[in-house]
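Here's a chain to walk through, piece by piece. Have the model open beside you as you read.

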Amino acid sequence: MSERKIRRKKPKLKFNKQMNTKLAVTFWATALALFALCARIGYLNMVKGDEYSIQVLAQQSFTSRTIPYKRGDIKDRNGNVLATSVMVYNLVVDSKVIMSDEKYMEPTVSALSRYFDLDKSDMRTAIRERKNSSYWVVLKNLRYEEIEEFEEYLEYKYAETDEDRADVDNTKGIWFEKKYKRMYPYNTLACSVLGFANSDNSATVGIESSYSSYLQGTDGREYGYMDADNNMETVIKDAENGNSVISSIDMNIQRIVQKAIKKYMKKYNPKRIAVVVADPNTGEILAMGDDITFDLNDPWNLEDYYTESQIENMSQKKQSEKLNEIWNNFCITDSYEPGSTAKPFTVAAAYEEGVIDENATFVCDGYEKVGGFTIKCHDVTGHGTLDVKGAIAHSCNDFLMHIGDLLGAEEFAKYQARFGFGTKTGIDLPGETRGLVYDENMGASTLATNSFGQNFTVNMVQMVAGFSSLINGGYYYEPHVVKQIVTEDGELVKNFSKTLVKQTITKETSDYIKECLREVVTDGTGTTAAIDGYTVGGKTGTAEKVDTSGKGTGRLKDQYILSFLGCVPCENPQVVCYTLMDSPEDNTQATAYNTELWTYIMKQVLPYLGVEKTEKIEKKAKKQNLETEFYSDGIIEGDDGSLILKDEDE
């Protein structure tokens, strides 16, 4: 009989009804208990959280303090410090320590009164009111000289008796929090270029903003804790200071510019003056400024421009808007029509393309009829027969319209883009405007007015960068205000050498344009820009202002942007200066007022830079030559009598 193995099945465990009930009760009881616990914790945190936090912190034997970094300096090209950070001290009172023993109160408040001129009674009251506070900033931004005597007191320097030493020993709960404060030694100098940093090292204006990532450092930390033997141990992680920025600005040239602006604002009372001085062979900006300045050490102050009552009546939003207007750098943030300073660009484009040469002539009869408009020359009687140099020298609109027509809209627009109009230059400052230009689909009348600098807009840096390429052989360098980044020890971090962006024209064209610019000063509208001993070349401009208020539809009567864009020495330019004056009060079209400003600046800048005198000018320009590029009322006369040009193709 065969044996069979019998496998027994293990009995299955089953929860009966009673067990299921007990399990459910246990689960829900646990859940409710946890919920109640969480609710209680939340309640305690909300009602007494601060109190418990204070108790916990009071029992800790660990301290931690921030060691602030020093923001890097900004210097001019010669190493002069334009912006720096200086160590200051906040006087901090630890009321909790003082209140821990009554014997600490009187010696402490007496010391505060003696060395910081604080009222004893007020200090006693304030300390008692803050009895649980370990951090109360009583005084801010103290210089070391203001705390030095107190520091010596704590070192027993003035303790002559045992009682004096006891007072020092019982002076508790006072310490100094170190921080850095941004300082600008020259207040308003290059204010819109430098910008300013706030107390938290943030910045939105100027170099302080553009190069903030280099200027900033990293805070350090001081850790203190009690070891096993109840001794205080300290661990210090040093702060990493920021790098310094070496700008292209020359402090002395900047001073010359700002003093000149102030002088001529007072002399002729124009609506605005702005100046840019640059190196045409590198793109470096040597000076840049306008008539609106502000104190970099107190940039939030509106009192120089508004009365106390006006400020009080301003909303916070309005005050912010006004401050931003003051902080704006006109030379890059504002656009305007360039006027006749744009004529050399039109001539250069046409000469480069071969549609004109030095022998080209044209008869100016004082006007052109284009696209249903009569567009007048500034000499409404006509210049007669002119060659190209004569057209530039005498600023003939009629000849320029003819040249623009020969060039054509497509080529004209191409060269405007090539010279940088309608696009940002890439200058290393925030807030640059692009300006407004037409494309290749512009109509005939638009092309005509554009050819002599009206009906499109630019900013000052665009004009300087493009003009520099006209006179330096055709090389367009990116304009910039910073040369190098260095460590606080002077080691090079980054070099911003000249950046060649493109070539706009050939050297042959550049040489010809310089001949044209020279004739402007020797025989044309810019004779008042002549400086004895120097070969000055340049171009005057007088542009009618357009009503941009939204209330009008034409050009502003008797308001003109006067400008002069010049270089020295003309045959081999080493410096470019561009001055702009908006509507002088007594003669809004007097280009001589603006060229007078230009020569006043350059007579100081040229010797300072060591620019060699290359020519003796025997024929002196008349001191009060008020020859202007006069645009009579209705420079553009349409069938409807309008003064603002509309593209006939629109």
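Let's settle one term at the start: buried means under 20% relative accessible area, exposed means over 50%, and partly exposed is in between, all with a 1.4 Å probe and protein chains only. What you have here is a predicted model, in which local features need pLDDT of at least 70 and side-chain atom pairs count only at pLDDT 80 or more, while totals for chains, interfaces and linings use all residues. Residues are numbered from 1 along each chain as its sequence is written, and side-chain values use heavy atoms, with hydrogens and water left out.

Now the overall picture. Of the chain's 650 residues, 48% count as buried. The secondary structure comes to 21 helices and 22 strands; helices (H or I, at least four residues) and strands (E, at least two) are DSSP runs, numbered from the N terminus. Contact here means heavy atoms within 4.5 Å. Take the contacts between residues at least 6 apart in sequence, and 73% of them join residues at least 24 apart. About 33300 Å² of the chain is exposed, with carbon and sulfur atoms supplying 48% of that; accessible areas come from the Shrake-Rupley method with a 1.4 Å probe, and for residues only the protein chains shown count as cover.

A good place to stop is the open sheet of five strands, with antiparallel pairing and the order β10-β9-β21-β20-β19. Its edge strands are β10 (285-290) and β19 (537-546), each of which pairs on one side only. The twist averages 10° from one strand to the next. Two strands pair if DSSP finds at least two bridges between them, and β20 (residues 555-568) has eight bridges to β21 (residues 575-582), running antiparallel. To find your way along that pair, look for Phe564, whose bridge partner in β21 is Thr579.

Which helices go with this sheet? Helix α10 (residues 251-268) packs on it, touching β9 (272-278), β10 and β21, and its direction makes about 30° with that of β10. Helix α21 (residues 591-609) lies across β9, β10, β19, β20 and β21, at about 150° to β21. For these angles, axes are lines fitted to C-alpha atoms, for helices over the stretch in contact, and angles run from 0 to 180 degrees between N-to-C directions.

Back on β10, have a look at Asp290, which forms a salt bridge with Arg272, the closest N and O atoms being 3.0 Å apart. The pair links distant parts of the chain, with Asp290 in strand β10 and Arg272 in strand β9, 18 residues apart. Both Asp290 and Arg272 are buried. A salt bridge, by the way, is a side-chain nitrogen of Lys or Arg within 4 Å of a carboxyl oxygen of Asp or Glu.

Asp290 also leads us to Cys331: the two are 41 residues apart in sequence and 7.5 Å apart in space, C-alpha to C-alpha. Cys331 is found in helix α13 (residues 330-333). Is Cys331 buried or exposed? Cys331 counts as buried, because its relative accessibility is 0%. Beyond its neighbours within four places in sequence, Cys331 is in contact with residues including Ala274, Val275, Met288 and Met460.

Next, helix α5 (residues 144-154), where Ile147, Phe150, Glu152 and Tyr153 are buried. The buried residues of α5 pack against β3 (81-93), α3 (105-116), β4 (136-142), α6 (162-169) and β5 (174-183). Just after α5, Tyr156 takes a positive phi of about 65°. Arg143 and Glu146 meet in a salt bridge, with 3.7 Å between the closest N and O atoms. Arg143 is partly exposed at 47% relative accessible area, and Glu146 is partly exposed at 33%.

The whole structure has 20 salt bridges. Another one joins Lys414 and Glu411 (2.8 Å, N to O). These two are three residues apart in helix α17 (residues 409-418), so about one helical turn separates them. Lys414 is partly exposed, with a relative accessible area of 35%, and Glu411 is partly exposed too, with 22%. Elsewhere, salt bridges that share partners join Arg71, Arg182 and Glu208 into one network.

Last stop, the hairpin of β16 and β17: five residues lie between the strands, and Gly490 takes a positive phi near 90°. Three bridges join β16 (residues 482-486) to β17 (residues 492-495), which run antiparallel, and Gln484 has Asn495 as its bridge partner in β17.
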